[in-house]
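Trainee: Could you walk me through this one before I head back to the bench? I'd like to go question by question.

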Amino acid sequence: VTTGAMSVPFVMSIGAGIAAISSQNEDDSSFGLMSVCSIGPIISVLIMGLAGGFENIAYTPHAVPEFLNSQEMGLSFLSAIPTVVRDVLMGLVPIIAFFLIYQLFTVRVQKKEKAQIFIGAAYTFFGMVLFLVGVNVGFMPVGSYLGGSLGSMGALSWAVIPVGMIIGFCMTYAEPAVGVLNKQIEEATSGAIRPKVIPMAMAAGVALASGIAMLRALTGISILPFLTVGYTVAVIMAFVCPGLFSSIAFDAG
């Protein structure tokens with residue numbers, strides 16, 4: 001809901017814009033909005049789990065499809081487009097509707113800027129459709145197959161830990177939303193925080209978390225100690241670190 005490739009730049013830009021006109025301390029108020037927005041969906045899902053009493057929830061791995069020729073492979077990608085288009089529109093239409101409502105009740109954006117906004121929305125739509133079709137049809141089945149293969153190697157199954165850490169590091173470093181956050185941090189700190197510092201820190205954090213997740217998958221140990229210790233440390237550090245760094249850290253999370 002709040003950490004998608006479309007919503008992250010939009011919500012962060014809203015926060016920066018509001019802070020620029022309404023806050024005496026713009027830098028501190030520019031960050032933290034993403035984490036606040038994420039609290040609602042997370043709490044809602046947890047309440048649903050407590051109230052619903054769900055049991056026997058099983059994971060169904062993504063099967064790697066087998067194709068006889070390239071035509072069948074192409075048709076599998078094409079068949080996924082309608083569902084992906086619907087999902088992307090569900091994320092993009094509310095943002096566009098918000099902008100149009102804004103146009104009705106406040107100072108209107110000039111035609112040139114409005115054209116840029118709609119062109120950007122079109123780029124976002126087509127880019128997200130292509131991205132999600134590739135992820136759902138090709139990328140996720142391959143990841144499931146890779147994890148299953150590594151996990152069934154017996155004594156060598158531990159290799160899934162470093163492989164997971166490497167993949168987690170590389171994918172986080174290349175994540176577009178990380179680039180958006182990094183750009184805003186650089187502007188807010190006037191370049192005091194170098195551009196490569198935030199992506200490296202986030203990628204290292206995800207690599208560590210991926211390694212722990214792979215360890216859990218191999219051993220079946222409970223997730224509760226990791227969450228309890230991790231959040232306790234984060235909350236304690238939030239009282240020690242400057243407010244700006246705490247906000248940036250929770251947005252990065």
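What follows is a chat about the overall fold, a few helices and some single residues.

Trainee: Let's start broad. How many helices and strands does the chain have?

Mentor: Keep in mind that this is a predicted model. From the N terminus on, the elements run α-α-α-α-α-α-α-α-α-α. The secondary structure comes to 10 helices and 0 strands.

Trainee: And what percentage of the residues in the chain is buried?

Mentor: The C-alpha trace spans about 60 × 50 × 40 Å along its principal axes. Buried here means under 20% relative accessible area. Out of the 253 residues in the chain, the buried share is 24%.

Trainee: Of the contacts with a separation of 6 or more, what share comes from residues 24 or more positions apart?

Mentor: A contact means heavy atoms within 4.5 Å. Among contacts in the chain with a separation of 6 or more, residues 24 or more positions apart account for 68%.

Trainee: Now helix 4 and helix 5. Are they roughly parallel or roughly antiparallel to each other?

Mentor: Their axes are 8 Å apart, and the two helices pack at an angle of about 150°. The crossing is right-handed. Angles over 145 degrees count as roughly antiparallel. Helix 4 and helix 5 are therefore roughly antiparallel.

Trainee: Which kind of aromatic pair do Phe99 and Phe118 form?

Mentor: The structure holds 3 aromatic pairs. For Phe99 and Phe118, the centres are 6.0 Å apart and the planes are at 80°. Planes over 60 degrees apart count as edge-to-face. So the pair of Phe99 and Phe118 is edge-to-face.

Trainee: How many residues apart in sequence are the parts that this pair ties together?

Mentor: Phe99 lies in helix 4 (residues 70–105), while Phe118 lies in helix 5 (residues 111–151). The pair therefore ties together parts whose separation in sequence is 19 residues.

Trainee: Of Phe99 and Phe118, which one is buried?

Mentor: Phe118 has 34% relative accessibility, so Phe118 counts as partly exposed. Phe99 has a relative accessible area of 13%, and the buried cut-off is under 20%. The buried one is Phe99.

Trainee: What about the rings of Phe125 and Phe126: what kind of pair is that?

Mentor: Phe125 is buried at 16% relative accessible area, whereas Phe126 is exposed at 55%. Their ring centres are 5.2 Å apart and their planes are at 75°, so the pair is edge-to-face.

Trainee: Back in helix 4, which residues does Ala80 touch, not counting those up to four places away in sequence?

Mentor: Ala80 lies in helix 4. At 16% relative accessibility, Ala80 counts as buried. Not counting residues up to four places away, Ala80 touches Val133 and Val137.

Trainee: On to helix 8. How far apart are its end C-alpha atoms?

Mentor: Helix 8 has 23 residues. At 1.5 Å a residue, helix 8 should span 33 Å, and this agrees with the distance between its end C-alpha atoms, 33 Å.

Trainee: What covers the buried residues of helix 8?

Mentor: Those buried residues are Ile198, Pro199, Met202, Ala203, Ala207, Ser210 and Gly211. One neighbour is helix 6, whose axis comes within 7 Å of the helix 8 axis and crosses at roughly 150°. That makes helix 6 roughly antiparallel to helix 8. The cover includes helix 6 (160–173), helix 7 and helix 10 (243–252).

Trainee: Which residue follows helix 8?

Mentor: Thr219 is found in helix 8 (residues 197–219). With a relative accessible area of 47%, Thr219 is partly exposed. The residue that follows helix 8 has a positive phi, near 75°, and is Gly220.

Trainee: Last one: which residues is Gln184 in contact with, leaving aside neighbours within four places in sequence?

Mentor: Gln184 is found in helix 7 (residues 176–188). Gln184 counts as buried because its relative accessibility is 14%. Leaving aside those sequence neighbours, Gln184 is in contact with Met12, Ser13, Ala16 and Phe31.

Notes. Residues numbered from 1 in each chain as written. Predicted model: local features only at pLDDT ≥ 70, side-chain atom pairs only at ≥ 80, totals over all residues. Heavy atoms only, no water. Helix = DSSP H or I, 4+ residues; strand = E, 2+ residues; numbered from the N terminus. Buried < 20%, exposed > 50% of the residue type's maximum accessible area, 1.4 Å probe, protein only. Phe/Tyr/Trp six-rings, centres within 6.5 Å; stacked < 30°, edge-to-face > 60°. Expected span 1.5 Å × (residues − 1). Axes fitted to C-alpha atoms, helices over the stretch in contact; angles between N-to-C directions. Parallel < 35°, antiparallel > 145°, perpendicular 65-115°, else oblique. Left-handed = near helix turned anticlockwise from the far one by under 90°.
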